[in-house]
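Please look through the sequence and the 3D structure shown below. The paragraphs after it go through the core, the sheets, the pockets and a few single residues.

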Amino acid sequence: MKIQVVNRGHQPLPAYATPLSAGLDLRANLTEPVELKPLERKLIPTGLHIALPAGYEAQVRPRSGLALKHGLTVLNSPGTIDADYRGEIGVVLINLSNEPFVVNDGERIAQMVITRHEQAEFVEVEQLNETERGEGGYGHTGVK
């Protein structure tokens, strides 16, 4: 699949790190480093604008290494980029650690997964069909 992209930043285009990667790395496009204090969140620009085909979305997800090593994650995970959005892709990062974290220009800050989706049409009914689970909700299957 080919996706049109306008790169208004100075970083390379997103790329897959390995041949079987699902996510493309997104890089910070900064003029100066950005510090995130503990529990602070900021929108980090990428400089990228994309045009997805109808029926697709881009999901912005955390990078596992940043989450494990530094407590950094994407706050609205996964962030959804709709096919009709043409603005700059920004990544809402939050620092969940006890130490400040500095985001540097060009740093890989998130990953983006391109995926198909469907649009649903809701049909109002008076009653739903019965299932074995029924209304069993959170924790209904136990802990083992």
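Which residues have the most contacts inside the largest nonpolar core? They are Leu 93 and Val 103, in a core of 25 residues. The model is a predicted one, and the values given here are computed from it. As a general point, nonpolar side chains tend to be buried together in soluble globular proteins. In this structure, several strands bring residues to the core: β3 (24-27), β4 (34-36), β6 (48-51), β7 (56-61), β8, β10, β11 (101-103) and β12 (108-116) each supply at least two. The strand that gives the most is β12, with 3 residues.

One of these strands, β6, can be looked at from both faces. Leu 48 and Ile 50 lie on one side of β6, His 49 and Ala 51 lie on the other, and all of them are buried. Both faces of β6 are therefore covered, since buried means under 20% relative accessible area. Strand β6 also has a partner, β1 (residues 4-7): the two run antiparallel and are joined by 4 bridges. Within this pair, Val 5 stands opposite Ile 50 in β6.

Next come the sheets. In general, the strands of a sheet pair through backbone hydrogen bonds, and the pairing can be parallel or antiparallel. One open sheet here has 5 strands in the order β2-β3-β12-β7-β9, with antiparallel pairing. Its edge strands are β2 and β9, each of which pairs on one side only. At the β2 end of this order, β2 and β3 are paired in the antiparallel sense over 2 bridges. Here Tyr 16 has Leu 24, in β3, as its bridge partner.

Another open sheet consists of 3 strands in the order β5-β10-β8, and its pairing is antiparallel. The edges are taken by β5 (41-45) and β8 (72-74); each has a single partner strand, so one side of each is left without a neighbour in the sheet. On average, neighbouring strands of this sheet are turned by 35° against each other, direction ignored. The antiparallel pair of β8 and β10 is held over 3 bridges, and in it Leu 72 stands opposite Asn 95 in β10.

What lines the largest pocket? The lining is made up of Met 1, Ile 3, Val 5, Leu 13, Pro 14, Tyr 16, Leu 24, Ile 50, Met 112 and Ile 114. Some of these names have already appeared: Val 5 and Ile 50 stand opposite each other in β1 and β6, and Tyr 16 and Leu 24 are bridge partners. By class, the lining has 10 nonpolar residues, no polar ones and no charged ones. The volume of this pocket is about 230 Å³.

The second largest pocket holds about 160 Å³ of space. It is lined by 13 residues, and those nearest its centre are Asn 76, Gly 79, Thr 80, Ile 81 and Gly 90. Two elements, β9 (79-81) and β10 (90-95), give two or more residues to this lining. The lining of the second largest pocket divides into 7 nonpolar, 4 polar and 2 charged residues.

The loops hold some residues to look at one by one. In the loop between β8 and β9 lies Pro 78. The peptide bond that leads from Ser 77 to Pro 78 is cis, and its omega is near -10°.

Leu 39 belongs to the loop between β4 and β5. Its phi is near 65°, which is a positive value in a residue other than glycine. Is Leu 39 buried or exposed? Leu 39 has a relative accessible area of 59%, so it counts as exposed, because the cut-off for exposed is over 50%.

The loop between β2 and β3 contains Leu 20 and also Ser 21. Leu 20 is exposed, with 82% relative accessibility, whereas Ser 21 is partly exposed, with a relative accessible area of 25%.

Two C-alpha to C-alpha distances set these loop residues in space. Ser 21 and Leu 39 are 18 residues apart in sequence and 30 Å apart in space. Leu 20 and Glu 99 are 79 residues apart in sequence, and in space they are 34 Å apart.

Methods
Residues are numbered from 1 along each chain as its sequence is written. This is a predicted model: local features need pLDDT of at least 70, side-chain atom pairs count only at pLDDT 80 or more; totals for chains, interfaces and linings use all residues. Side-chain values use heavy atoms; hydrogens and water are left out. On a 1 Å grid over the protein atoms alone, a cavity is a set of points where a 1.4 Å probe fits but cannot get out, and a pocket is an open set with protein on both sides within 12 Å along at least five of seven lines; lining residues have an atom within 4 Å of a point. Grid points are joined across faces, edges and corners, and a volume is the space filled by probe spheres set on the points. Ala, Val, Leu, Ile, Met, Phe, Trp, Tyr, Cys and Pro count as nonpolar, Asp, Glu, Lys and Arg as charged, and the others, Gly among them, as polar. Two strands pair if DSSP finds at least two bridges between them. Axes are lines fitted to C-alpha atoms, for helices over the stretch in contact, and angles run from 0 to 180 degrees between N-to-C directions. A nonpolar core is a set of buried Ala, Val, Leu, Ile, Met, Phe, Trp, Tyr and Cys residues joined through side-chain atoms within 4.5 Å. Buried means under 20% relative accessible area, exposed over 50%, partly exposed in between (1.4 Å probe, protein chains only).
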